[in-house]
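User: Please look at the model below with me, and explain the terms as we use them.

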Amino acid sequence: MASWQCIKQCGACCHLDPDERPDLEEYLSPEELGLYLSMVSEGGWCVNLDQQRKECTIYANRPRFCRVEAEIFQDMYGIEPEELNDFAIDCCRQQIEAVYGDHSLESLRFDQALGF
Ligand code: SF4
Ligand code: SF4
């Protein structure tokens with residue numbers, strides 16, 4: 001069974017364009033939604049993403065909704081801890097394909113890292 005991991009220098013999940021995430025209000029509190037929207041720059045990327053390096057510039061202090069942690073995913077999405085691995089894999093794959101395409105270097109790197 002594949003184990004989820006972040007492949008780093010990807011940043012697909014940091015493309016925050018709210019038009020592509022119409023259900024934000026379902027899993028973010030009003031305060032979190034305000035923070036989320038304040039982070040969206042022109043082009044839909046997070047203002048905290050170093051777009052050259054594809055790295056978060058506030059990683060240690062990134063918001064709760066950026067963290068892949070069992071307790072947070074259970075709270076936000078109703079995902080049980082034992083479901084987190086598969087859910088996170090699906091989320092990353094969908095986001096990487098949507099942002100970069102399914103033949104992108106990031107897609108290939110993700111599949112390779114997870115052993116697909
Ligand atoms: S989409 Fe997944 S692999 Fe890419 S940066 Fe986000 S968590 Fe990491
Ligand atoms: S705060 Fe960091 S991890 Fe969260 S979306 Fe922005 S760049 Fe990505």
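User: Why is Cys-56 called partly exposed?

Analyst: This is a predicted model, in which local features need pLDDT of at least 70, side-chain atom pairs count only at pLDDT 80 or more, and totals for chains, interfaces and linings use all residues. Residues are numbered from 1 along each chain as its sequence is written, while chains are lettered from A and ligands numbered from 1 in the order in which they are written. A residue is buried if 20 or more other C-beta atoms, placed from the backbone, lie within 10 Å of its own, exposed if 12 or fewer, and partly exposed in between; Cys-56 has 17, so it is partly exposed.

User: What makes Cys-14, Asn-48, Leu-49 and Arg-62 contacts of Cys-56?

Analyst: Two residues are in contact if their C-beta atoms, placed from the backbone, lie within 7 Å, and Cys-56 touches these four when residues up to four places away in sequence are not counted. Cys-56 itself lies in strand β2, residues 55-56, a strand being a DSSP run (E) of at least two residues and a helix one (H or I) of at least four, numbered from the N terminus.

User: How far apart are Cys-56 and Cys-46 in sequence and in space?

Analyst: They are ten residues apart in sequence, and their C-alpha atoms are 8.8 Å apart.

User: Which residues are around ligand 2?

Analyst: Counting a residue as near if its C-beta atom, placed from the backbone, lies within 6 Å, the residues around ligand 2 include Cys-14, Cys-46, Cys-56 and Cys-66.

User: In what order do the elements of the protein run?

Analyst: From the N terminus on, they run α-α-β-β-α-α-α, with five helices and two strands.
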